[in-house]
Amino acid sequence: MCSSDLDGRQESNRYPSGAFARVESSPSRGDRSVTVDEAGQISSGDEVFVLCDDYGDRIEYAPRNWRSRHYLLKQHLQVRSVDGNQIELDGALRHDFAGASPRVYRWQPLRGFGIEHLSFEDKNSIPDSEASNTFRTVRIDGSIDSWVWNVHFLNSTSIPLSIQRSRFATVSECLFRRAQHLGGGGNGYLPELYQTDDSLVEY
């Protein structure tokens with residue numbers, strides 16, 4: 001069991017710190033268990049996520065706008081049981097985790113958080129432009145069993161509601177009206193679910 005920030009490249013560590021176990025071989029879609037190198041700090045009932053990623057050449061859009069060519073697979077699950085170094089999960093994997101360094105991280109989310117019966121109206125004076133298209137009105141990050149119910153988002157800049165790195169989130173009976181900063185490339189404008197599993201957005 002290791003404790004580190006890791007993104008698949010030893011020289012560039014960016015993921016949140018936490019205990020992780022390296023997965024033996026490559027887990028396949030449909031698998032409900034994984035075998036790790038050492039499961040000592042993972043126990044039955046723990047919240048975990050399975051993650052792997054690959055990085056390649058640099059893609060440059062402009063001198064200060066670039067990224068590495070990569071993909072990332074991540075899925076939040078709960079541990080049902082641990083037998084030696086085999087971890088049984090509460091659901092099936094949705095992907096083949098065949099990238100670099102597949103691993104299981106222990107995760108400590110905020111449980112049972114929600115907002116309801118609120119209105120947010122953005123009255124900023126930032127001009128409409130491609131450079132102003134990444135604002136978020138509300139962001140919920142790292143939660144289980146969260147909810148957003150009967151919340152109105154008016155004149156939002158780009159993304160009114162973002163739920164990230166979460167599981168079992170519910171968005172219901174919300175109003176999204178008059179988005180601003182309509183940048184190119186599919187900017188959002190409605191709820192954004194990023195690295196979030198087993199969740200529901202109801203209109």
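Below, a colleague asks about a predicted model and the modeller replies.

Colleague: How many strands does the protein have, and how many helices?

Modeller: The structure is a predicted model. The protein counts zero helices, and its strands number 17.

Colleague: What is the average pLDDT of the protein?

Modeller: A score of at least 70 is reached by 78% of the residues. Over residues 1–14, however, pLDDT stays under 50. For that stretch the model has 43 contacts beyond four places in sequence. The average for the protein is 81.

Colleague: What share of the residues in the protein is buried?

Modeller: Buried here means a relative accessible area under 20%. The protein has 203 residues, and the buried share is 40%.

Colleague: What share of the contacts with a separation of 6 or more joins residues 24 or more positions apart?

Modeller: A contact means heavy atoms within 4.5 Å. Taking the contacts in the protein with a separation of 6 or more, the share from residues 24 or more positions apart is 65%.

Colleague: Which strands are at the edges of the open sheet that has the order 10-13-16?

Modeller: Three strands form this open sheet, and their pairing is parallel. From one strand to the next, the twist averages 15 degrees. An edge strand pairs on one side only, and that holds for strand 10 (136–141) and strand 16 (192–194).

Colleague: How many bridges join strand 13 to strand 16?

Modeller: Strand 13 covers residues 159–164 and runs parallel to strand 16. Across this pairing, S162 stands opposite E192, and I163 stands opposite L193. The number of bridges between strand 13 and strand 16 is three.

Colleague: Which residue of strand 13 is the bridge partner of D141?

Modeller: Strand 10 and strand 13 also pair in the parallel sense, over five bridges. D141 has as its bridge partner in strand 13 the residue Q164.

Colleague: Why is strand 13 described as largely enclosed by the rest of the structure?

Modeller: The cut-off for a buried residue is under 20% relative accessible area. Strand 13 is largely enclosed because the number of its six residues that are buried is six.

Colleague: Which strands each supply at least two residues of the largest nonpolar core?

Modeller: In soluble globular proteins, nonpolar side chains tend to be buried together. The largest nonpolar core here has 17 residues, and those with the most contacts inside it are V34, V36, V50, I87, L89, L93 and V104. At least two residues of this core come from each of strand 4 (47–62), strand 5 (65–83) and strand 6 (86–89).

Colleague: Which residues does V34 touch, leaving out those up to four places away in sequence?

Modeller: V34 is among the residues with the most contacts inside the largest nonpolar core. With residues up to four places away in sequence left out, V34 touches V23, P27, N85, Q86, I87, L93 and V104.

Colleague: How many residues are in the other core, the one that includes V151 and F153?

Modeller: This core lies apart from the largest one. Its members include L161 and I163 as well as V151 and F153, and its residues number 12.

Colleague: Is R103 buried or exposed?

Modeller: R103 lies in strand 7 (residues 100–107). A polar atom of its side chain lies 2.4 Å from the backbone oxygen of S101, and the R103 side chain makes a polar contact with the side chain of Y105 at 3.2 Å. Because its relative accessible area is 0%, R103 is buried.

Colleague: Which residues does L200 touch, not counting those up to four places away in sequence?

Modeller: L200 is in strand 17 (residues 200–202) and is partly exposed, with a relative accessible area of 46%. Its C-alpha atom is separated by 6.3 Å from that of V171, 29 residues apart along the chain. Not counting residues up to four places away in sequence, L200 touches A169, T170 and V171.

Colleague: Where is R165, which has a positive phi although it is not a glycine?

Modeller: Phi of R165 is about 50 degrees. R165 is partly exposed, with a relative accessible area of 25%. Its place is in the loop between strand 13 and strand 14 (170–172).

Colleague: What is phi of H117?

Modeller: H117 is found in strand 9 (residues 114–121). H117 is partly exposed, since its relative accessible area is 49%. Its phi is positive in a residue other than glycine, near 55 degrees.

Technical notes. Residues numbered from 1 in each chain as written. Predicted model: local features only at pLDDT ≥ 70, side-chain atom pairs only at ≥ 80, totals over all residues. Heavy atoms only, no water. Pairing = 2+ DSSP bridges. Helix = DSSP H or I, 4+ residues; strand = E, 2+ residues; numbered from the N terminus. Axes fitted to C-alpha atoms, helices over the stretch in contact; angles between N-to-C directions. pLDDT = per-residue confidence, 0-100. Buried < 20%, exposed > 50% of the residue type's maximum accessible area, 1.4 Å probe, protein only. Core = buried A, V, L, I, M, F, W, Y, C linked by side-chain atoms within 4.5 Å. Polar contact = N/O pair within 3.5 Å; in protein donor to acceptor, adjacent residues only side chain to side chain.
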